[in-house]
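Me: I am new to this structure. Please take one part of the surface and go through it closely, with enough background to place it.

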Amino acid sequence: MKLTYRGVDYESHPLAVEMIPGEISGKYRGQQWRRHYPRHISPPQPVAELKYRGVAYCIGDPLDVEAMKLRRHPQAIATAKTRQKTGQELANTHLAHIRSNLEHRLQVARQKGDPTLIRLLEDEARQIMVGS
């Protein structure tokens, strides 16, 4: 191929690199594409689980990564259910503490005989009952 750079003519002889198609492919804007690798370079190794600044991620062939995630899926479901149960237990405990605190405040207001405070605390109790 004859090229020119700043008025100087030269011939280009690019190296011919033999490529092999990889397993990774897809469709982008309606066109099919496939990843190719030079023959002398091996395709990427399978899945590696890594962590960067506390965030876990995986590298490797996307199909292998998905297969690994599916193998771990039952554990993830069990963990999510445990977290949800723990979260619900915490919410119930929190609500019970709020109610006991409100009961104590209401008892103190009745002992003092403050009708305005009693009315406000009873309104608060009704709001808690509606919200739960």
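Reply: Helices, of at least four residues, and strands, of at least two, are DSSP runs, numbered from the N terminus. This is a predicted model. On that basis the chain has 2 helices and 6 strands. The strands come before the helices: from the N terminus on, the order is β-β-β-β-β-β-α-α.

Some background on the whole chain. There are 132 residues, and 12% of them count as buried. The accessible surface comes to about 11,700 Å². Carbon and sulfur atoms hold 56% of that surface. Take the contacts in the chain with a separation of 6 or more: residues 24 or more positions apart account for 11% of them.

Now the close look. The part to pick is a nonpolar patch on the surface. Its members are Leu50, Tyr52, Tyr57 and Ile59. Together they have about 380 Å² of accessible area. Two elements give two or more residues each to this patch: strand E5, residues 48–52, and strand E6, residues 55–59. Tyr52, for one, has its place in E5.

How do these strands fit together? E5 and E6 run antiparallel, and 5 bridges join them. One facing pair is Lys51 and Ala56, with Ala56 on the E6 side. The two strands form a hairpin, with 2 residues between them. Arg53 sits in the turn and has a positive phi of about 50 degrees.

So much for the pieces. In short, E5 and E6 form a hairpin, and both strands give residues to the nonpolar patch.

Conventions:
Residues are numbered from 1 along each chain as its sequence is written. This is a predicted model: local features need pLDDT of at least 70, side-chain atom pairs count only at pLDDT 80 or more; totals for chains, interfaces and linings use all residues. Side-chain values use heavy atoms; hydrogens and water are left out. Patches are made of residues with over 30% relative accessible area and no salt bridge: like charges are joined within 9 Å, nonpolar side chains (Val, Leu, Ile, Met, Phe, Trp, Tyr) within 5 Å. Accessible areas come from the Shrake-Rupley method with a 1.4 Å probe; for residues, only the protein chains shown count as cover. A salt bridge is a side-chain nitrogen of Lys or Arg within 4 Å of a carboxyl oxygen of Asp or Glu. Two strands pair if DSSP finds at least two bridges between them. Buried means under 20% relative accessible area, exposed over 50%, partly exposed in between (1.4 Å probe, protein chains only). Contact means heavy atoms within 4.5 Å.
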